[in-house]
Amino acid sequence: MFGIVWTTDLLLLTIPSIALTGFMLLGLDPLRLRAFEIRVLAILGGVGPLIPMLVFATECFHGSCIGAVPIFTLVVGESTVALALQLDPLSALVGLTVSIIGAAVILYSVAYMAGTALGDLRRFFALMHLFLAAMLTMVLAGDSIVLFLGWEMMGLCSYLLIAYNTTSAQAIRAGRKAFIMTRFADAMLLAALLLLFLEANSVRLDALIPAGVAAQDGMRPIIAALLLGGAIGKSAQLPLHTWLPSAMAGPTPVSALLHSATMVAAGAVLLIRFAPILAAEPLLQALTAILGAATALFGAASALVQQDVKRLLAYSSISQIGTMMLSIGVGAPQAAAAHFVVHAIFKSLLFLAAGDIAHHSPQGTALAALRGARQRKPLAFLAFLAGAASLAGLPVITAGWWSKEAMLAAVWSAGPILWVVALATAVLTAAYATRAALVAAQPAPAAEAAQDDSSDTGYTLFPLAFLGFGALLAGGLVNPIIRFLGGDMPHAPAFTLAVAAIAPIAGAVLALALAPGAADTPMPAARTGGRRASVVDRVLRVLVIQPFVRLVRWVNGQDGGVEDPVGTGPARLVVWLRRTLAGPTAPDRADRLYKRAFVLPFLQLVRRLNGYGSGVVDPLGNLPARAVLRLQRALADALAPDWIDRWWRRIGAALLSIWTSARRLQTGRVRDHGLAMVAGTAGLLLLAWGYSWH
Amino acid sequence: MSDTAFTGLILLAGALFAVGCFGVLARRAILVQLLSLEIALSGPALAFIVAGARHGQAAGQGMFVLILVLAAAEVALGLALYLRLRRRSDVTDSDTLRELRH
């Protein structure tokens, strides 16, 4: 039965609808729009969802979340298909984050995309709006159908936006790769949701999750594993991570919104949502934690050796989402949600600031394009520093520190080994964040100093300043967020806090040591995020830096992967590590491995089925005829052929000619096949009619 | 619903389907064939609605929604293929597309 009950709660629908309207006006409307009108529509559709979201979220933060809002209910037999949105603490928090980041990125892209042709501009904003609508739909979903709809739409927008630059073959390849790899994971999510539906006989999340927890007949581990598979694909976790670095072929605002802050982190949000099911399966929880820890460490180590700022940030996103997964795996999804918020702020800030600095740079998005930022773009430089400091997790003064501290404390209570891995990740994270900041602090070469005179507009300044303050000050929100989601602030012994506080500083010092010329030119304190060369620093310099000076030459020496003069074992190890983790120009090793293991065999299979190169047309269709011939030869030629053999051999030959004439039926014309279908259906109907005749 | 109305509507549904089928088989322009497919699909859709109303069950409307989605997907795919063919090799006649057969 159908039924719609009109209440004010249905206004929740306006949140995704505003962005969706923006998409329809920009993407489907045949009217010709001028650049000004496109810009106005873009801002309206981008910032619009924030307003109702703010109202509903504020209400929710004050303790009166409206819960599930049914939209459309269909009862079929004993199953219920009940489409609904829902506003619970998690969706309020994530939805608010997504709409704030979305508004900031779309404002920014109004200035960033200013030079593009009208058609492209329209397509860009239409897709950004569609993405925003899809993400908000997925976050606010109250049932698995709407959830999956939003999830798939995000994947589609991701594909279309990565391949936004349709003249670049590389971008299209990257888009296809992202699409196929995430589709692989989406299939697992779909399977999980369908199994949950079979358990619960309802699609509503508030019925699905308890039913999933209560599932007894061996289904629960399968469901949990499939959910985990869906999450790691979307979040680019370890086995399926390779699509994210190549996804950086899209425009920078796309990377800021989709491929770092919101969509990629949706896997973590999904697992937070379904955390009760995961918590009921200790084995899969442990698997989540281990995968997360491994990804975190791998991502951070890879980010350290990147030569391209966007790829560096991509590996950083992989690593940071890995820490969220780790936190979910050790049973602290609330801390992961807090880190989701903080990470969304500082990562989008880093992308936007880097994009602003390197826009129109002749070096593209190479790390070197950041040089001279302090002179060219002082505000973007400051914003980049704030983001890098938050990413590094400098103690107390940055938001990243607070959420990372909460997660580290939660991990400590689960096991010291995972904690050590998380700590190593924190050190490496601080190291690569500082490395990027140091490059940005370098003066530009004289030849490039004069370029890029484009003045900053409010469209760029406001999002950068807003997110910059957020990246530093949002730390105060971590504790309230964790309490709001019904968790407790994890506690850990004081010495772990102290060690965790030293970790980012150690990482920063490591980066200072690795930086080219760090030994002879003193680094001004302000540029490295507020640390001064204190006595401790100097002691650390002697104790830590000196051993690392050689590493400097090894890892960062020639800046282009030239063979090292020192041919000793450790040097080879570092070179090998660098090549394994990330070749600066060649595709990653994992890419090549996947290509050899999956792509080429599949292509070969398809080619073989098509008869490519074997000289036989349609080998699969020829199979019956060939089998008959072979059978005939094997059976008859072994005996002396007498008249019986000749007789039944003729049957074989007749079979062949029957096959040839039957094949002639297959004309390849649509109308002939249509006629055959109609005749066949009519025949079946006649048969059925005859059988049911009384 | 009276028996006459039911019979009439079912006949109408059958007629719609027949018209659509005829269009698909008799016309060679891909676009017109797609149009005819839509007409053909509307026949069973109407039959489902009528049958659902006759038996007082929502399942008929459910099937209608399913057919609606099916038709939308079919048009999206069909039009995309048509545009692609049009741009690639300027094909509008479905009978010329025989190379898909091996």
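Student: What makes strand E1 (residues 67–76) and strand E2 (residues 79–87) of chain A a pair, and how do they run?

Tutor: In this predicted model, nine bridges join E1(A) to E2(A), and the strands run antiparallel. Two strands pair if DSSP finds at least two bridges between them, so nine bridges meet the cut-off. One of the bridge partners in E2(A) is A:Thr80, which is matched with A:Val75.

Student: What lies between the strands of that hairpin?

Tutor: Two residues separate E1(A) from E2(A), and in this hairpin A:Gly77 has a positive phi near 60°.

Student: Why are helix H2 (residues 35–47) and helix H4 (residues 89–112) of chain A called roughly antiparallel?

Tutor: Their axes cross at roughly 165°. Angles over 145 degrees count as roughly antiparallel, and H2(A) and H4(A) are therefore described that way. The axes come within 8 Å, and the crossing is left-handed.

Student: Which residues of H2(A) meet H4(A)?

Tutor: A:Arg39, A:Ala42, A:Ile43, A:Gly46 and A:Val47 meet A:Gly102, A:Ala103, A:Ile106, A:Leu107 and A:Val110 of H4(A).

Student: How do you know that the end-to-end distance of helix H2 (residues 30–55) of chain B agrees with its expected span?

Tutor: At 1.5 Å a residue, the 26 residues of H2(B) should span 38 Å. The end C-alpha atoms are 38 Å apart, which agrees. After H2(B) comes B:Gly56, with a positive phi near 65°.

Student: What do the buried residues of H2(B) pack against?

Tutor: They pack against helix H1 (3–26) and helix H3 (59–89) of chain B. Among the buried residues are B:Ile30, B:Ala40, B:Leu46 and B:Phe48.

How values were computed. Residues numbered from 1 in each chain as written. Chains lettered and ligands numbered in written order. Predicted model: local features only at pLDDT ≥ 70, side-chain atom pairs only at ≥ 80, totals over all residues. Helix = DSSP H or I, 4+ residues; strand = E, 2+ residues; numbered from the N terminus. Expected span 1.5 Å × (residues − 1). Buried ≥ 20, exposed ≤ 12 C-beta atoms within 10 Å, placed from the backbone. Contact = placed C-beta atoms within 7 Å. Axes fitted to C-alpha atoms, helices over the stretch in contact; angles between N-to-C directions. Parallel < 35°, antiparallel > 145°, perpendicular 65-115°, else oblique. Left-handed = near helix turned anticlockwise from the far one by under 90°.
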